[in-house]
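Q: Please take a close look at one part of this model, the open sheet and the pieces around it, and set it in the context of the whole chain.

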Amino acid sequence: MKTLIRGGRLIDPANGRSGETLDLLLIDGKIACVGVGISASDARVIDTSGLLVAPGLVDMHTHLREPGQEHKETIRTGTKAAARGGFTSVAAMANTQPVADSPQSIGRVISQAKSDGVINVFPISSVTLGLHGEELVNVEQVIAAGAVAMSDDGKPIKNPEIMKRALIACKKYGISVISHCEHIEKSYVDWIMNAGETALRLGLPGLPNSAEELGVKRNVKLAEETGGHLHIAHVSAAGSVELIRRAKAKAVNVTAEAAPHHFTLTDAAVEKHGANAKMNPPLRSQKDVDAVIAGLRDGVIDAIATDHAPHTPAEKSLGMAKAPCGVVGLETCLPLVITQLVDKGYLSMSEAIAKMTANPARILNLDKGTLSEGADADITIIDMEKEQIVDAAKFESKGRNTPFDGLSLKGWAIMTIVAGEVVFSTALAGDH
């Protein structure tokens, strides 16, 4: 099958393209040719004049919930949500039931994704068996089964020796340890939101910035000692950004990601949105938001990831104390990036796309995130001028837990192509 994508502005950071008007010819699921005035008489033609054509977006931090929590999300609904958001590849976190901590459980996710998913799904193994933080998984076996990284995301690894052994093992096989950095003290083990003025006003127990910063500091030191690749998930605190900046200056093998909610909202959002603004790490202060944006601007933070974490309305209606942490993000990430970072001048579109394509693909060693000839035909077509109000009721995801419901955002994916096949499309003019 042939498809000709004609006349779009290509944003392809991996190849240094930042807006050239070019055509793409797709043949049998691959990018066969990139150039000007490509002719293919027998090809389906998609006219992308006035639109951006980018590599398929890669989310390196997604909770698909299946197996075991299908009431929250399934691989089918989660990947359909991803496609609607412009993502062609997602990395699925290990905190399912059972935990993805064995070759069998990794293989089950891959098999289910092939049968039910509409995009590429790459499983992440847990670091420790059952996410208990006590015994390392068989690293060689889970990698052989298809795991692309290791993470106990949602739970910090308290034992530094376990973390050190994980970094050493992952270094041997060339993959990263994705770390949820959090140092928990008894005095704030039952935290509900960020420790700050809003928490004091609401009378809610808070988690201080130091909890994340101490976790980052310890794990950076372990990465420095071992040479292992440490990837720090969902950076939220100003001090964490500075610690990562210093580590990179010393050539420590560390990368980092930020989620849209942490560069868009402050903890004041809890007063308006309640449990739909409850996540881990929590929303912080404006100073922290500014620091995360600065980290994205200067390259300290390499990637933008959704931390898509669907929960049921019943769970989120339990109130701040009992509701689970997490928000959905696959269907709002791209327009939030464009509205909050690109349109405000913090990032160029090329820089933003790099943090959602080439960079996460590099961190996870995926052959994705590029529009190179010969690459998989995973492509996202974006209308930079399209303005739309977020309507959680219309999400493909089962989750409705978002603090962005009702917000007007600009710059949306209007077509998502995986291996040359259209998996999501709005009414695209000129598509015939």
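**The parallel sheet and its surroundings**

A: Strands β10 and β13 run parallel and are joined by 4 bridges, and within this pairing Ile-178 has His-231 of β13 as its bridge partner. The model is a predicted one, and the description that follows starts from this pair of strands and works outward. On the other flank of β10 lies β9, which is likewise parallel to β10 and is joined to it by 2 bridges; here Met-150 stands opposite Val-177 of β10. These pairings belong to an open sheet of 5 strands, whose order is β9-β10-β13-β14-β15 and whose pairing is parallel. Its edges are formed by β9 and by β15 (303–304), each of which pairs on one side only. In general, the strands of a sheet are held to one another through backbone hydrogen bonds, in either a parallel or an antiparallel sense.

Strand β10, which spans residues 176–179, is covered on both of its faces, with Ser-176 and Ile-178 buried on one side and Val-177 and Ser-179 buried on the other. Ile-178, the residue paired with His-231, and Val-177, the residue opposite Met-150, thus point to opposite faces of β10, because the two are listed on different sides of the strand and are both buried.

Helix α7 leads back to the same sheet. Its 12 residues (238–249) should span 16 Å at 1.5 Å a residue, and the C-alpha atoms at its ends are 17 Å apart, which agrees with that expectation. The buried residues of α7 are Ala-238, Ser-240, Val-241, Ile-244 and Ala-247, and the elements that cover them include two strands, β13 (229–232) and β14 (254–258), together with the helices α6 (209–226) and α10 (286–298). Both of those strands appear in the order of the open sheet. Just after α7, Ala-251 takes a positive phi of about 65 degrees.

Another helix, α5 (residues 197–202), contains Thr-198, which counts as buried because its relative accessible area is 4%, under the 20% cut-off for that class. Leaving out residues up to four places away in sequence, Thr-198 touches Met-193, Asp-267, Ala-268 and Glu-271.

On the N-terminal side of edge strand β9, Gly-146 sits in the loop between α3 and β9 (150–151). With a relative accessibility of 25%, Gly-146 is classed as partly exposed. Apart from neighbours within four places in sequence, Gly-146 is in contact with Ile-106, Ile-110 and Pro-123. The C-alpha atom of Gly-146 is also separated by 8.1 Å from that of Pro-103, a residue 43 positions away along the chain.

Pro-103 brings in helix α2, whose 14 residues (103–116) should span 20 Å at 1.5 Å a residue, in agreement with the 20 Å between its end C-alpha atoms. The buried residues of α2 are Ser-105, Ile-106, Val-109 and Ala-113. Seen down the helix axis, these buried residues fall within an arc of 105 degrees, so they line one face of α2. Gln-104, Lys-114 and Ser-115 are exposed on the other side of the helix. Among the elements that cover the buried residues of α2 are α1 (75–84), β8 (120–123) and α3 (139–145).

The start of the chain offers a contrast in strand direction. Strands β1 (residues 2–12) and β2 (residues 17–27) run antiparallel and are joined by 9 bridges, with Leu-4 standing opposite Leu-25 of β2. Their hairpin has 4 residues between the strands, and Gly-16 takes a positive phi near 70 degrees there. Strand β2 then pairs with β3 (residues 30–35), again in the antiparallel sense, over 5 bridges, and the hairpin of β2 and β3 has 2 residues between its strands, with Asp-28 at a positive phi near 50 degrees.

For the protein as a whole, the secondary structure comes to 14 helices and 18 strands. Its radius of gyration is 21 Å, close to the 22 Å that the globule rule gives for 432 residues, so the protein is as compact as a globular protein of that length. Buried residues account for 61% of the 432 residues, and of the contacts between residues at least 6 apart in sequence, 75% join residues at least 24 apart.

Methods:
Residues are numbered from 1 along each chain as its sequence is written. This is a predicted model: local features need pLDDT of at least 70, side-chain atom pairs count only at pLDDT 80 or more; totals for chains, interfaces and linings use all residues. Side-chain values use heavy atoms; hydrogens and water are left out. The expected span of a helix is 1.5 Å times one less than its number of residues. Buried means under 20% relative accessible area, exposed over 50%, partly exposed in between (1.4 Å probe, protein chains only). The arc is that of the directions from the helix axis to the C-beta atoms. Contact means heavy atoms within 4.5 Å. The radius of gyration is taken over C-alpha atoms; the globule rule is 2.2 Å times the number of residues to the power 0.38. Two strands pair if DSSP finds at least two bridges between them.
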